[in-house]
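Reader: Before I trust the labels people put on a model, I like to hear the reasoning behind them. Could you walk me through this one?

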Amino acid sequence: MSTAVARRSSLPGFGLTMGLTLTWLSVIILIPLAGLFLKTSELSLDQFWGILTSRRTLNALRISFGLAFAAACVNLVMGTIIVWALVRYRFPGRRLFDAIVDIPFALPTAVAGVALTQLFAQKGWLGAPLAELGIKVAFTPIGIFIAMVFIGIPFVVRTVQPVLIDLDPEIEEAAASLGAGRIQTFAKVILPTILPAVLTGFALAFARGLGEYGSVIFIAGNLPMISEIAPLLIIIKLEQFDYAGATAIATVVLVAGFIMLFVINWLQRWNKRRGT
């Protein structure tokens with residue numbers, strides 16, 4: 001312990017940089033979050049519970065949590081398949097497809113929302129044939145789901161990809177030489193290795209979908225009790241100067257974010273322990 005303290009204190013500027021770091025994090029993150037909890041604490045337990053259990057709030061939370069979870073599940077499966085194709089196979093345009101995965105990262109959320117709305121509108125390229133089949137996407141919960149899938153897929157791909165790259169194909173060949181079939185090789189060799197990264201990507205995609213606003217409101221339709229998400233309801237309450245209601249809903253979403261952050265950090269530590 002003394003050696004670690006001496007080594008740390010011998011770094012030049014440690015006290016200054018640590019002080020600036022803590023100050024900056026407090027101003028940017030901790031103080032605003034503390035203000036949110038303090039504002040919520042002004043509510044009595046009955047008032048807080050009454051806001052959260054109102055029909056409109058429960059429906060918005062159900063849509064946000066439910067669709068974010070469903071989108072993360074889809075991204076977990078499809079993201080893993082995409083990673084497998086990009087890492088294990090060589091085909092024309094592979095680098096282009098690899099770059100396309102990052103488009104949701106770089107694209108402004110409002111632009112993504114407008115693009116998805118135009119694409120899945122009843123007269124859009126994909127919306128028109130779906131409408132002929134009786135499937136309406138834009139301005140429905142289905143549109144919210146598609147938007148969450150769109151913005152969440154890079155988190156799974158970019159989390160799993162480096163782990164699969166580091167997995168030596170010779171391990172799979174060794175398993176095959178010992179008589180393991182393809183399913184056994186995947187279940188006993190590949191999956192245990194990439195599972196922590198897959199779960200981390202799932203958690204990141206879920207957290208992003210839960211808090212997503214810009215790309216969702218354009219395609220959602222924002223109809224109360226039908227396609228209204230929790231972040232939008234928070235904005236509406238702020239515009240109505242219902243700060244107590246806004247902070248109560250925001251606190252629930254924030255606590256869910258903290259839980260997801262804890263899960264992600266735990267999964268990352270688990271992954272490091274498995275790698276040592």
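**Labels and the values behind them**

Author: Sure, and I'll start at a small spot: F241, just after α13, takes a positive phi of about 60 degrees. Keep in mind that this is a predicted model.

Reader: What makes α13 count as mostly covered?

Author: Buried means under 20% relative accessible area. In α13, 7 of the 10 residues are buried. They are A230, P231, L232, L233, I234, I236 and K237.

Reader: Why are α4 and α9 called oblique to each other?

Author: Helix α4 covers residues 55–88 and helix α9 residues 141–166, and they pack at an angle of about 40 degrees. Roughly parallel would need an angle under 35 degrees, and roughly perpendicular starts at 65. The pair fits neither label, and α4 and α9 are therefore oblique. Their axes are 6 Å apart, and the crossing is right-handed.

Reader: Which kinds of residue make up the contact of α4 with α9?

Author: It divides into 24 nonpolar, 6 polar and 1 charged.

Reader: And why is α9 called roughly antiparallel to α11?

Author: Their axes cross at roughly 155 degrees. The label applies to angles over 145, so α9 is roughly antiparallel to α11. The axes come within 8 Å, and this crossing is right-handed.

Reader: Which residues meet there?

Author: From α9, they include M148, F155 and V160; from α11, they include I194, F202 and R208. The contact of α9 with α11 divides into 14 nonpolar, 6 polar and 1 charged.

Reader: How do you know what I194 touches?

Author: Contact means heavy atoms within 4.5 Å. Not counting residues up to four places away in sequence, I194 touches T80, V160, V163 and L164.

Reader: What makes a set of residues a nonpolar core, and which residues have the most contacts inside the largest one?

Author: The members have to be buried and joined through side-chain atoms within 4.5 Å. The largest such core has 60 residues, and those with the most contacts inside it are I144, V160, L164, I194, I229 and I249. Helices that each supply at least two residues include α3, α4, α11 and α14. The largest share, 11 residues, comes from α9.

Reader: What does I146 contact?

Author: I146 lies in helix α9. Leaving aside neighbours within four places in sequence, I146 is in contact with F120 and V137. The C-alpha atoms of I146 and L116 are separated by 8.4 Å, although the two residues are 30 residues apart along the chain.

How values were computed: Residues are numbered from 1 along each chain as its sequence is written. This is a predicted model: local features need pLDDT of at least 70, side-chain atom pairs count only at pLDDT 80 or more; totals for chains, interfaces and linings use all residues. Side-chain values use heavy atoms; hydrogens and water are left out. Axes are lines fitted to C-alpha atoms, for helices over the stretch in contact, and angles run from 0 to 180 degrees between N-to-C directions. Helices (H or I, at least four residues) and strands (E, at least two) are DSSP runs, numbered from the N terminus. Angles under 35 degrees count as roughly parallel, over 145 as roughly antiparallel, 65 to 115 as roughly perpendicular and the rest as oblique. A crossing is left-handed if the near helix is turned anticlockwise from the far one by less than a right angle, and right-handed if clockwise. Ala, Val, Leu, Ile, Met, Phe, Trp, Tyr, Cys and Pro count as nonpolar, Asp, Glu, Lys and Arg as charged, and the others, Gly among them, as polar. Buried means under 20% relative accessible area, exposed over 50%, partly exposed in between (1.4 Å probe, protein chains only).
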